[in-house]
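Please look through the chain below with its sequence at hand. The paragraphs that follow go from the whole chain to its sheets, and then to single residues.

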Amino acid sequence: MPATRRYQELLADKDIDCIIAAVPDHWHKQIVVDAVSAGKDIYCEKPMSHTAAEGVEMAEAQKRTGHIVQIGSQRVSSLICKKAKELIEQGMIGDLMMVEGWLGRNDPTGAWQYPPPFDLSPQNLDWETWQGTVPKRPFNPEIFARWRCWKEYGTGVAGDLLVHLVSGMMFVLGWNEPPERAMAMGGILRWKDGRNMPDVHASLFQYRGIPVYMRLNLGTDMPETYRFQGSKGILEMTEFGLTYTPQSGKDSAPSYYAGSFPHAMRAAYEKRWHAENDPKLGQEPMPETVSFKAADYDDVRPHLWTFFESVRSRKPVVEDAIFGHHAALACHMANESYFRQQAVHWDEATKMIKT
């Protein structure tokens, strides 16, 4: 297929069944809506939308046309997330208490300080088209290469990184919905290069009454990690595997509170506690940590494969426009809370983020 500057030419080509949209966030909505309206299936990179309102429009376009939309948070198609989902559904961690997730980088490339092509100019870049409908700016090679740093084009660490954490969590827990509430804080603490999106962003969400604490940091390297905390233990999920550490949820010794009892009462309590709780000799419990290893859950190939298989079979995908919209909403709410400096919630009736 020859290269083209106009994606509309691809939509008009009847020999093309599907499109992959790997463009800045501010172009996602228009291309997805145009693609499904033209009868094409589309794989769109995360985050699905640049704003909450765009996400609503994209989800409605998928529903109206019936065409396949898959959003590109690739771990949703990984064996690691599939196994984590299975273990939690089996009750391995008991009642879910809290979810934590974090990811940190500590280098210029990780903070999107990409080097613009040396020869980039208005002569070889259609700057006006690239800017789309955002307020126009003079040609700037750094904005073109580093668009994630500016809210006019990107969605910051929320849309680039938090969306991965949220999408993986949603899949593992079977939550296809926006958070009830979000509170976030952070700042531009390391990369004071003119960007207007924070490079440190900590967000606290509430889903079904459960707190979800997500931390993104472009100034300290931290391996990407989830911790699903339950009444029976912790399931830790990383890029290459899972580790389950059980917890009994029971006292391992007499309560220290009995230290305030009179001596005879304390002795009687401790004797009774040991009689009721001490294991018999040779029957002591042996708690074990269980680990699973698998291929990198950041590998995009399985996710693309599920998309192309869906295009062929017409079977629905997991990370469709509804799922993508809900994942992106968490990111938009985190950004809104950061800029408004107060907690926000999603109002389904008006389909707006409100304080």
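The protein chain contains ten helices and 13 strands. The model is a predicted one. Along the principal axes, its C-alpha atoms fill a box of roughly 90 × 50 × 40 Å. Of the 355 residues in the chain, 46% are buried. Among contacts with a separation of 6 or more, 69% join residues that are 24 or more positions apart. The chain exposes about 18,300 Å², and 55% of this comes from carbon and sulfur atoms. As for charge, there are 39 positive and 45 negative charges, and their mean positions are 3 Å apart.

Ten of the strands make an open sheet with mixed pairing, in the order 11-10-9-8-4-7-6-5-12-13. Strand 11 (290–293) and strand 13 (352–354) are at the edges; each has a single partner strand, so one side of each has no neighbour in the sheet. From one strand to the next, the twist averages 15 degrees.

Two helices that pack on this sheet can be taken next. Helix 7 (residues 156–173) touches strand 4 (96–104), strand 6 (200–207), strand 7 (210–217), strand 8 (222–230) and strand 9. The direction of helix 7 makes about 35 degrees with that of strand 8. Helix 10 (residues 321–340) also packs on the sheet, where it touches strand 5 (181–187), strand 6, strand 12 (344–347) and strand 13. Its direction makes about 55 degrees with that of strand 5. Strand 6 is thus touched by helix 7 and by helix 10.

Within the sheet, strand 4 is a useful place to start. Is strand 4 mostly covered or mostly open? Seven of its nine residues are buried, and the strand is mostly covered. In the sheet order, strand 4 stands between strand 8 and strand 7. With strand 8 it pairs in the antiparallel sense, over seven bridges; here G104 is opposite M222 of strand 8. With strand 7 the pairing of strand 4 is parallel, over six bridges. On that side, G101 stands opposite M214 in strand 7, and the bridge partner of W102 is R215.

R215 leads on to the next pair of strands. In strand 7, R215 is also the bridge partner of A202. Strand 6 and strand 7 are paired antiparallel over eight bridges. They form a hairpin with two residues between the strands, and in this hairpin R208 takes a positive phi near 55 degrees.

Towards the other edge of the sheet, strand 9 (residues 233–238) and strand 10 (residues 241–246) run antiparallel and are joined by six bridges. In this pair, I234 is opposite T245 of strand 10.

A further open sheet has three strands in the order 1-2-3, with parallel pairing. Strand 1 (18–21) and strand 3 are its edge strands, and each pairs on one side only. Neighbouring strands of this sheet are turned against each other by 15 degrees on average, direction ignored. Strand 1 pairs with strand 2 (residues 41–45) in the parallel sense over four bridges. I20 stands opposite Y43 in strand 2.

Two loop residues complete the picture. H67 lies in the loop between helix 3 (52–65) and strand 3 (69–72). Which residues does H67 contact, leaving aside its neighbours within four places in sequence? They are V36, G39, K40, D41, Q62 and R314. One of these, D41, is in the stretch of strand 2 (residues 41–45). H67 and A268 are 201 residues apart in sequence, and their C-alpha atoms are 71 Å apart in space.

The other residue, D95, is in the loop between helix 4 (79–89) and strand 4. Is D95 buried or exposed? Its relative accessible area is 53%, and residues over 50% count as exposed, so D95 is exposed. Leaving aside neighbours within four places in sequence, D95 is in contact with Q229, G230 and S231. Of these, Q229 and G230 belong to strand 8 (222–230), which pairs with strand 4. D95 and K82 are 13 residues apart in sequence and 19 Å apart in space, C-alpha to C-alpha.

Methods. Residues are numbered from 1 along each chain as its sequence is written. This is a predicted model: local features need pLDDT of at least 70, side-chain atom pairs count only at pLDDT 80 or more; totals for chains, interfaces and linings use all residues. Side-chain values use heavy atoms; hydrogens and water are left out. Buried means under 20% relative accessible area, exposed over 50%, partly exposed in between (1.4 Å probe, protein chains only). Contact means heavy atoms within 4.5 Å. Accessible areas come from the Shrake-Rupley method with a 1.4 Å probe; for residues, only the protein chains shown count as cover. Lys and Arg count as positive and Asp and Glu as negative; His and the chain ends are not counted. The place of a charge is taken as NZ of Lys, CZ of Arg, CG of Asp or CD of Glu. Two strands pair if DSSP finds at least two bridges between them. Axes are lines fitted to C-alpha atoms, for helices over the stretch in contact, and angles run from 0 to 180 degrees between N-to-C directions.
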